[in-house]
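Here are some short exercises to work through with the model open beside you. Each one has a task, followed by a solution in steps.

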Amino acid sequence: MHPREQTIFALSSGRPPSAIAVVRVSGPQAGATLTALAGKLPAARLATRTLLRDSTAQAIDDAVVLWFPGPASATGEDVAEFHVHGGRAVLASLFAALSVFEDVRAAEPGEFTRRAFENGKLDLTEAEALDDLIHADTDRQRRQALRQLKGLLGDRVRDWRTRIIEASALIEAGIDFSDEGDVSAELMAPALVKMAALLGEIEQVLAAQGRAERLRDGLVVAITGPPNVGKSTLMNQLARREVAIVSPHAGTTRDVIEVQLDLDGYPVTVIDTAGIRETDDPVEQEGVRRARARAAEADLVLWLADAPGAEHPHEATTPVWMVRNKVDLDPKKSDATDSGIGVAGEGRPMAEGQRPSNRSDFEISASRGDGLSELISALVMFAQEFFGSGEGGLIARDRQRKLLEQTAASLRRSISVAETSEELAAEDLRAAAQALGRLLGRVDVEDILDVIFREFCIGK
């Protein structure tokens, strides 16, 4: 039997041990496995408590089972769910009992979602959104993924593709069926109207996206500076836990340390790097090289120094904020009366409408907390500007953007050649429809013919 026709099972909940574990079974043998282990097939979509037994009648667990006959299921196939206690021994016993059945095997990674896609339960954008939802670390990522899962992009693309096929059908009819009496000879004009409107909508989406797809990966902030200026202390303050070793000795941090933060719902990766200086130590030299490399790849660099007027060595292509640390050791700053940069919560409040992300210099005490609230507020504002309208954007992945760009390019070519060559215009429209089909994961060459015969009564 082909692997696609086999029945699969897998743990669908978190890693054991846990209070409850959910094991899902999908495929033609799902009903048989549920009947054999539970003693009978329960009513569809009704949670039923039962004692599970293996093929030797040995009890496995007191469980709750559910039955979802296809195609009204998550995968479009027959699906059974076993809700058991989440101990490793319980799961091992249940997996062993399931493996006894012929043509029943453990699922491959992502195989349940792939079967849902193949059975028309999800398009490719929704399958990608499901993966994004599972891996969402912040609330903004969750909301974006959930909108995509509900068809934010997929519904729009399906509408675009339908309209492209309609325009293509007009042109194809004019080419192939011009001798039919009920087919107008003037079909190019309405086709061009449809194409121009479509191109405008797609270009508007592409232009409005900015860095929307970056919300999946997050903003990368690198903390750099000379040795022993408090980079690791600042890292720990931002993370609110001890993630980096703090030592009075220079060169303690030799490698790059990363921590994932949630700043007002924005995903931010903060990187603590080795102190940048000239050194003969080959290990420290490698740390400095990595520090420079990661800083060059970051979206924002915080250059930490403990003296006023320090200059950073980074390229200007990446925004660099100058952050003076250890102001608590400066007698002039000890009273926290500096111009709104002093102790967190005690400095001058930001004026209404002020955009802290426009600032490029800060004075803080990473050990005592002075000025950290303003630095964090500035990071949040920088993230808001960086992601722009990302939360409400249609495009979530680079693959989606590239296919929409291909679609727009094909539409432009089709419009430009429409008056001189209907055949070339039709070919470019087919390319546009195919690009949208790849975006959804649905490419059907029969779509255009279906529209022609339905709309123009050809072949009567």
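**Exercise 1.** In this predicted model, find how many aromatic pairs there are, and classify the one formed by tyrosine 266 and phenylalanine 387.

*Solution.* Start with the count: the structure holds six aromatic pairs. For tyrosine 266 and phenylalanine 387, the ring centres are 5.5 Å apart and the planes differ by 5°. Planes under 30 degrees apart count as stacked, so this pair is stacked. Next, place the partners: tyrosine 266 is in strand 9 and phenylalanine 387 in helix 10, so the pair ties together parts 121 residues apart in sequence. Finally, check burial, for which the cut-off is under 20% relative accessible area. Tyrosine 266, at 8%, counts as buried, and phenylalanine 387, at 1%, does too.

**Exercise 2.** Now work out the geometry of the pair formed by tryptophan 321 and phenylalanine 382.

*Solution.* The centres lie 5.7 Å apart with the planes at 85°, so the pair is edge-to-face. Tryptophan 321 belongs to strand 11 and phenylalanine 382 to helix 10, so parts 61 residues apart in sequence are tied together. Both tryptophan 321 and phenylalanine 382 are buried. To finish, collect the cluster: Tyr266, Trp321, Phe362, Phe382, Phe386 and Phe387 form one aromatic cluster.

**Exercise 3.** Where does the largest pocket lie with respect to domain 1 and domain 2?

*Solution.* First, the volume: the largest pocket holds about 610 Å³ of space. Of its 22 lining residues, the closest to the centre are Ser12, Gly110, Phe112, Thr113 and Ile134. Helix 4 gives the most to the lining, with four residues. Domain 1 and domain 2 both give lining residues, so the pocket lies between them.

Terms used: Residues numbered from 1 in each chain as written. Predicted model: local features only at pLDDT ≥ 70, side-chain atom pairs only at ≥ 80, totals over all residues. Heavy atoms only, no water. 1 Å grid on protein atoms, 1.4 Å probe; cavity = no way out; pocket = protein on both sides within 12 Å on 5 of 7 lines; lining within 4 Å. Points joined across faces, edges and corners; volume = space filled by probe spheres on them. Helix = DSSP H or I, 4+ residues; strand = E, 2+ residues; numbered from the N terminus. Domains from an automatic or database assignment. Phe/Tyr/Trp six-rings, centres within 6.5 Å; stacked < 30°, edge-to-face > 60°. Buried < 20%, exposed > 50% of the residue type's maximum accessible area, 1.4 Å probe, protein only.
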